[in-house]
Amino acid sequence: MHVSLQKIDTIEQLEEMARLEAEVWGTIPVPTHQTLTAAKNGGIIIGAFVDGKMVGFVYSFPGYQDGQIYLCSHMMGIAKPFRDKGIGYMLKMKQAQEAIKKGYRTIRWTYDPLQSRNGYLNIAKLGAVCSQYVENYYGQMEDALNKHLPSDRFIVEWLLESRYLQERSRFFSNIAWSPENVALNWKQNNNGDPVPVCKEEFTLYDQPFLLVPVPLQFQRLIETDLALALDWRYKTRDVFVRLFRKGWAVAHIIRKEDEPILYYVCVKRSELPI
């Protein structure tokens, strides 16, 4: 399968993107006049094509906060038959390449921290960093992926061409799973699903790093056991909010092959080589 990537900024291309967006999320897409305006005014929209058909996209526009201009990456979608084939990574790398050409040095975006596939791409593969957690960021959402849950989100920063991206592999080379560093316990229920279990006291702040588990199959939990999915939402929310207030940041991911969990690795943001 050959995947070609290109910037898109014509009405015809953006209408094709809108159709794919509606297919992926099962909701009304962003109006074409909006995406066209973004593309013509500093935004970057990349399409992924197989045999001339768009199978994925990433949509971004300029952002501004605290005196800094950055690229706000608002949405990425991939057609279901083409997921788990590395297209998301390809789109983000192309986005970074085009962002650097335009003078951006930071890309920011949001994602649901309990969606482990997104977490692995954003944190482990791309090297984004997160120290912001926003509760119910988008309010009540009714699309196929988000309905029935508070829309909690990580806000991540991808620091393009930074020293951190160059040194992160060495920085995390000695981090491994240890029970003393786990900030939220879990167990398996009769169905084999992971269940979060809060520790009696949260007294781990003096550790060099902390591990926060999230389920690998959160979307399946939403569909099969909504109460358990909500339990994961509220318990991980509590842990991340407390950690971020204390100056910690999510910067890495590790897994144990025999567990239905991945672990976010949290370190003090002040200790990262940023």
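**Figure 1. Gln13 in helix 1 of the predicted model.** Helix 1 covers residues 11–25 and holds Gln13. Gln13 counts as buried, because its relative accessibility is 17% and the cut-off for burial is under 20%. Leaving aside neighbours within four places in sequence, Gln13 is in contact with Gln6, Lys7, Ile8 and Met54. One of these partners, Ile8, reappears in the legend on the cores.

**Figure 2. The whole chain, for orientation.** The chain has 7 helices and 12 strands. Its radius of gyration is 19 Å, close to the 19 Å that the globule rule gives for 274 residues, so the chain is as compact as a globular protein of that length. The C-alpha trace spans about 55 × 40 × 35 Å along its principal axes. Of the 274 residues, 52% count as buried. Among contacts with a separation of 6 or more, 66% come from residues 24 or more positions apart. The exposed area of the chain is about 13,400 Å². Carbon and sulfur atoms supply 48% of that area.

**Figure 3. Two nonpolar cores.** The largest nonpolar core has 69 residues. Which of its members touch the most other members? They are Phe154, Trp232, Phe240, Val250 and Tyr264. Helix 7 (residues 226–245) gives this core its largest share, 8 residues. A second, separate core has 16 residues, including Ile8, Met17, Met75 and Ala79. In soluble globular proteins, nonpolar side chains tend to be buried together.

**Figure 4. Contacts of Val250.** Residues up to four places away in sequence are not counted here. Val250 touches Ile123, Ala128, Val129, Cys130 and Phe154, among others. Its contacts also include Phe240, Phe244, Tyr264, Val265 and Cys266. Phe154, Phe240 and Tyr264 are also listed with Val250 among the residues that touch the most other members of the largest core.

**Figure 5. The hairpin of strands 11 and 12.** Strand 11 runs over residues 248–255. Strand 12 runs over residues 261–268. The two pair in the antiparallel sense over 7 bridges. Ile253 stands opposite Tyr264 in strand 12. The hairpin connection has 5 residues. Is strand 11 largely enclosed or open? In strand 11, 7 of the 8 residues are buried, so the strand is largely enclosed by the rest of the structure.

**Figure 6. The hairpin of strands 8 and 9.** Strand 8 covers residues 185–188, and strand 9 covers residues 194–197. Their pairing is antiparallel, over 4 bridges. Gln188 stands opposite Pro194 in strand 9. The hairpin has 5 residues between its strands. Gly192 sits in the turn, with a positive phi of about 85 degrees.

**Figure 7. Asn122 in helix 4.** Helix 4 covers residues 116–125 and contains Asn122. Asn122 counts as buried, because its relative accessibility is 5% and burial means under 20%. Not counting residues up to four places away in sequence, Asn122 touches Trp109, Tyr111, Gly127 and Ala128. Ala128 is also among the contacts of Val250.

**Figure 8. Cysteines without disulfides.** How many disulfides does a search of the whole structure find? The count is 0. Cys72 is in no disulfide, and the nearest cysteine sulfur, that of Cys130, is 14 Å away. A disulfide requires sulfur atoms within 2.5 Å. Cys198 is in no disulfide either; its nearest cysteine sulfur belongs to Cys266, 15 Å away. Cys72 is buried, with a relative accessible area of 19%. The cut-off for burial is under 20%. Cys198 counts as partly exposed, at 42% relative accessibility.

**Figure 9. Positive phi at Asp66 and Asn136.** Asp66 is not a glycine, yet its phi is positive, about 50 degrees. Asp66 lies in the loop between strand 3 (53–65) and strand 4 (68–78). Is Asp66 buried or exposed? Asp66 is exposed, because its relative accessible area is 74% and the exposed class starts over 50%. Asn136 is likewise a residue other than glycine with a positive phi, near 50 degrees. Its loop runs between strand 6 (129–134) and strand 7 (153–159). Asn136 counts as partly exposed, at 35% relative accessibility.

Key. Residues are numbered from 1 along each chain as its sequence is written. This is a predicted model: local features need pLDDT of at least 70, side-chain atom pairs count only at pLDDT 80 or more; totals for chains, interfaces and linings use all residues. Side-chain values use heavy atoms; hydrogens and water are left out. Buried means under 20% relative accessible area, exposed over 50%, partly exposed in between (1.4 Å probe, protein chains only). Contact means heavy atoms within 4.5 Å. Two strands pair if DSSP finds at least two bridges between them. A nonpolar core is a set of buried Ala, Val, Leu, Ile, Met, Phe, Trp, Tyr and Cys residues joined through side-chain atoms within 4.5 Å. The radius of gyration is taken over C-alpha atoms; the globule rule is 2.2 Å times the number of residues to the power 0.38. Accessible areas come from the Shrake-Rupley method with a 1.4 Å probe; for residues, only the protein chains shown count as cover.
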